[in-house]
Amino acid sequence: MADFSPRGREPTAARREPSAYRRPRDRRCVMKILTPQMLAAAVIGRGGSTISEMERTTQAAIGISKVNEIFPKSDCRVLTAVADSEQALNEVARQVLELVLDIYFRVPSQLGADENQLRIGMLVPKAVITSLIASEGSGVRAVCEASGAMVKILDPVSGNGPDASQEIRFRGKLQELEMGIREMNREVQLVSGETWFHGWAHSAMGVSGWEPSSSSTAREGRARSETRSMEAATRALSPEWHTGGQVVAGWKVLAPSPLAEALEVARDELEERHQATLRLSEPHETYPLTRSRFFTVRVHPKEPLNAVVQWIIERLAAVAASEPDNDDVTWDGRLKLSFVIPSACAARLMGKGGSTIRQLSELTGVRIWVQDKQIGTGPDAAQKVDLKGSARGLEQVLVEVNGLLDLLREEAWFEAWAAAPTLPSRKSESKGPARAPLSPAAEAGMELVGRVMEGLPSYVLEESRGFATSCVVPCRLMGAVVGRSGTGLNEVQRETKTRIVMRPIPGDDEHRTMSIAGPLLNVCSAYMLMMKRYLDAEKEDREGR
């Protein structure tokens, strides 16, 4: 790692003359900028509006790696811009830096210590760095002098060849960062005629699918825009995968009665328009603890799966408009939609420490809730995701989920998961006898609990002070309720991460007070488990008499 400062360095005349290494005119210019999550979200904009406008005004094809695809040993995604000229790339850099300054003013701790110490990083081929640091670093010092920015060169994180990506960081005023990037762009384009350059330009987390021989960058940008996901705006990555001549969506929409009816009525229309095969499970085939049926999609490879997503959201919006008081499809004026995905995809959706899901929620304006409970074990265990937001926001989330599922398509279990009309059979994993069918009253109660939980705002679920509840337990049942030496009570405490205390009641020798304290949902879960132990103890006491 090396630091270079513009103060006290050699004059710009020391910089090597690049004219002998001019890039052939038929080569494309490529630039890679490291963007922290907040900057990446600002570049993309709501619904991809900002990046689309940036492509239009710069005539460059711009792509950003997915939320979970960050450059090694950093927290940054990679923005790759491809254009016909250095000037176009410099304009992309200028617009990105304007967003850097905007983020700094809104969140001062981000992207700079102060307005004169903003920072940004680039990726350049190692061959360029090797040339710049030759002659005791005269080339880098020349960049510092020309731009006024401070420069730090980091060691390559992988690879030793000339095409290994190496990070270079700039720190200084906005104009200094812009000049620094301009200088490095010039150096990078000088090597674009090398045989290895094409591979570096197409490396992971960059724009893929562009063709150097094409003469129309704008046309490429438009073509990629039609198939890009939210987080890989302009990358030619398809969220669809092929099996048996069809694309199978890896998510399963959970359709409550009104939505199921709407999907059933309009199903023929979509199947004919998109050569799709749609399967709605039978009325009795519902997701556990809900009355929602499974809606599974297969579409022809030539038709975009995203069109089916849009169709589903349109049906949901129509139902919500006709039944504005129906809590199954709308809540506080926002649309509600639930779907099931494999736990392996849920983990990618959440991201480290929930960073990915927070980023996606901020970008789309949708509240996204991934339930902790899984059905089954392993990467193909079913996990429920609940969404609340606008029609456009829901569509954007599902498009992104398509992209995340695409990363799992080669897994051995995925085809069975995606093609199953409900949830894949797990008979071999079942333990113990199956639960007896619930009464209508019990089903309604469980559905009520689920609906209330879904409607709780985050500030209630995340209240740091916690909650408490209590009840009275007869002393004669205490032993069975708490278990031998308190083992049963301790087990519930461990499972729910709550504190449960039994206290005497002054003046009452026949009863004890049971108090449960902890986070709201944990307290409710602990109370239900302790009530099960209480009812089992009561039953044993009755039968023992």
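The legends below accompany a set of close-up views of one predicted model.

**View 1. The whole chain, as a setting for the close-ups.** The predicted chain has 545 residues, of which 50% count as buried, and it contains 19 helices and 19 strands. Its accessible surface comes to about 26200 Å², and carbon and sulfur atoms account for 50% of that area. Among the contacts between residues at least 6 apart in sequence, 71% join residues that are at least 24 apart.

**View 2. An open sheet of three strands, with the order β17-β19-β18.** The pairing in this sheet is antiparallel. Strands β17 (467–474) and β18 (499–505) stand at the edges and have a single partner strand each, so one side of each is left without a neighbour in the sheet. From one strand to the next, the twist averages 25°. Strand β19 (residues 508–518) is joined to β18 by seven bridges, while eight bridges join β19 to β17. In a regular strand the side chains alternate between the two faces of the sheet.

**View 3. The hairpin of β18 and β19, with two residues between the strands.** The two strands of this hairpin run antiparallel. Between them, Gly507 takes a positive phi near 80°. On the β18 side, Ile505 has Asp508 of β19 as its bridge partner. For Arg503, the bridge partner in β19 is Thr513.

**View 4. Cys471 and its surroundings in strand β17.** With a relative accessibility of 14%, Cys471 counts as buried, because the cut-off for that class is under 20%. Across the pairing of β17 with β19, which run antiparallel, Cys471 stands opposite Met514. Although Cys471 and Met514 are 43 residues apart in sequence, their C-alpha atoms lie 5.4 Å apart in space. When residues up to four places away in sequence are not counted, Cys471 touches Arg512, Thr513, Met514, Tyr527 and Met531. Of these contacts, Thr513 also appears in the hairpin view, where it is the bridge partner of Arg503.

**View 5. The packing of helix α11 (residues 343–350) with helix α12 (residues 355–364).** The axes of these two helices are 5 Å apart, and the helices pack at an angle of about 70°. An angle of 65 to 115 degrees counts as roughly perpendicular, and α11 is therefore described in that way relative to α12. In the contact, Arg348, Leu349 and Met350 from α11 meet Ser355, Thr356, Ile357 and Leu360 from α12. Sorted by class, the residues of this contact are four nonpolar, two polar and one charged.

**View 6. Thr50 in helix α2 (residues 49–58).** Is Thr50 buried or partly exposed? Its relative accessibility is 26%, so Thr50 counts as partly exposed. Once neighbours within four places in sequence are left aside, the residues in contact with Thr50 are Ala42, Val43, Ile44, Gly45 and Leu99.

Methods:
Residues are numbered from 1 along each chain as its sequence is written. Side-chain values use heavy atoms; hydrogens and water are left out. Helices (H or I, at least four residues) and strands (E, at least two) are DSSP runs, numbered from the N terminus. Buried means under 20% relative accessible area, exposed over 50%, partly exposed in between (1.4 Å probe, protein chains only). Contact means heavy atoms within 4.5 Å. Accessible areas come from the Shrake-Rupley method with a 1.4 Å probe; for residues, only the protein chains shown count as cover. Two strands pair if DSSP finds at least two bridges between them. Axes are lines fitted to C-alpha atoms, for helices over the stretch in contact, and angles run from 0 to 180 degrees between N-to-C directions. Angles under 35 degrees count as roughly parallel, over 145 as roughly antiparallel, 65 to 115 as roughly perpendicular and the rest as oblique. Ala, Val, Leu, Ile, Met, Phe, Trp, Tyr, Cys and Pro count as nonpolar, Asp, Glu, Lys and Arg as charged, and the others, Gly among them, as polar.
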